[in-house]
Amino acid sequence: MKTNTPPFKAEIVGSLLRPKRLLDAREKRAADVTTQGDLRRIENEEIEQAIALQKEVGLKCCTDGDFRRRHWFLDFIERIEGIRFVGTMQNRFRSADGSVEFSPPRMELCDRLKRTKSLTSDDFGTLRPAAEAAGLMPKQAIPSPTLLHFRSKRSLLHSAVYPDVELLYEDIAQVYREEIASLYAAGCRYLQIDETNLPGHLSDPQLRDQAKKEGEDPDALVRRYAELINQCLRDVPDDMTVGMHMCRGNHAGGWYAEGGYDPVAEVTFSQIDVDAFFLEYDSPRAGSFEPLKHLGKGKVAVLGLLTTKSPELESKDDLKRRIGEAQAYVPLEFLALSPQCGFASTIEGNPLTADDQKRKLIRVVETADEVWGSS
């Protein structure tokens, strides 16, 4: 059951722990001690090391580890004209050791949304040659378009800029179509959308109740978000593979949402036009595999069975057992394996070491080789 096209049987979601050298370089740049060119050079060198790591563990695809980003979505969204970040919003992430406070900037609309420059395609232009020189397929991750609605609707200027919310949806889709076209022109053939609202705010029972108190219909939002994502992907060429990572939050080993995919699965898994879903299944908080019965024909469920939130290494036997449980709903040929999320969705990273990270990636590849005969 070998595959030479994505999604591969052994996968990586995206971010990697930032090396100290890179963190130091960012601090120096923030203090205006060095130039942007100096930072870019160090980023390039560390990305080459990240690619070497992914090749060494046996993966067939690679990312740049998010080494050019400080946060999984801020760097992307702040490049879109019409958005600015003001103040902060308080988010409480839960963890095995209690709670983790995180205060990202608050999104504010200031004008119609437009793409006037590269959001990620320039960065991909430097990832691609380094990845291909290593014999790996480069994968580019981008934040989901649903963020631009879910976060901006809380903006004080939302109604002033977009009195008709459908116009906001149209502008979001246009921005994404233009960026995806630019990525394709840069040679990107493997794209991942990182989605947090469907598996988070619209799946977690407490967060669904909160959305209702704010005047939202969670089920209607699920349907509208599926339409929005499909609008963004409308012009994707046949030779570009698109996956969607369904994430419940990932910061400093903590999570934001809990609950199975049941409230969103029927619409999401069957109607959204992606080739694969990267699904967090690293703890009982994720619920059962039963929602996978809604997986559309030909789509792949990449099971995120290894946690990136702690250093404990999952056993092959446990991973194989859980893959077997998922087979009750999805044939083995349409399953794959990955970590549950990136190792550093925010620049601080999760509480594990580079060696822990490497061991988990090796475990993904070795398990996939034994289950499918190829990673």
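## Exercises on a predicted model

The count of disulfides comes to zero, where a disulfide is a pair of cysteine sulfur atoms within 2.5 Å. The model is predicted: local features need pLDDT of at least 70, side-chain atom pairs count only at pLDDT 80 or more, and totals for chains, interfaces and linings use all residues. Residues are numbered from 1 along each chain as its sequence is written, and side-chain values use heavy atoms, with hydrogens and water left out.

**Exercise 1. Explain why C61 has no bond to C62.**

Step 1. Find the closest cysteine sulfur to that of C61: it belongs to C62.
Step 2. Take the distance. It is 7.1 Å, too far for a bond.
Step 3. Check C247 as well. Its nearest cysteine sulfur, in C341, is 3.8 Å away, and C247 is in no disulfide.
Step 4. Add the surroundings. C61 is buried at 0% relative accessibility, and C247 is buried at 7%. (Buried means under 20% relative accessible area, exposed over 50%, partly exposed in between, with a 1.4 Å probe and protein chains only.)

**Exercise 2. Place strand 9 among its neighbours.**

Step 1. Locate the strand. Strand 9 covers residues 241–246. (Strands are DSSP runs of E, at least two residues; helices are runs of H or I, at least four; both are numbered from the N terminus.)
Step 2. Find the partners. Strand 8 (residues 190–195) runs parallel to strand 9, joined by six bridges. Strand 10 (residues 276–280) also pairs with strand 9 in the parallel sense, over four bridges. (Pairing takes at least two DSSP bridges between two strands.)
Step 3. Follow M246. It stands opposite E195, and its bridge partner in strand 10 is L279.
Step 4. Check both faces. T241, G243 and H245 are buried on one side, and V242, M244 and M246 on the other. Six of the six residues are buried, so strand 9 is largely enclosed by the rest of the structure.

**Exercise 3. Classify the ring pair of F8 and Y190.**

Step 1. Start from the search, which finds seven aromatic pairs in the whole structure. (Rings of Phe, Tyr and Trp, the last by its six-membered ring, pair with centres within 6.5 Å; planes under 30 degrees apart are stacked, over 60 edge-to-face, the rest tilted.)
Step 2. Apply the cut-offs. The centres of F8 and Y190 are 6.5 Å apart and the planes are at 75°, so the pair is edge-to-face.
Step 3. Map the pair. F8 lies in the segment before helix 1 (20–30) and Y190 in strand 8, so the pair ties together parts 182 residues apart in sequence.
Step 4. Check burial. F8 is buried at 3%, and Y190 is buried at 1%.
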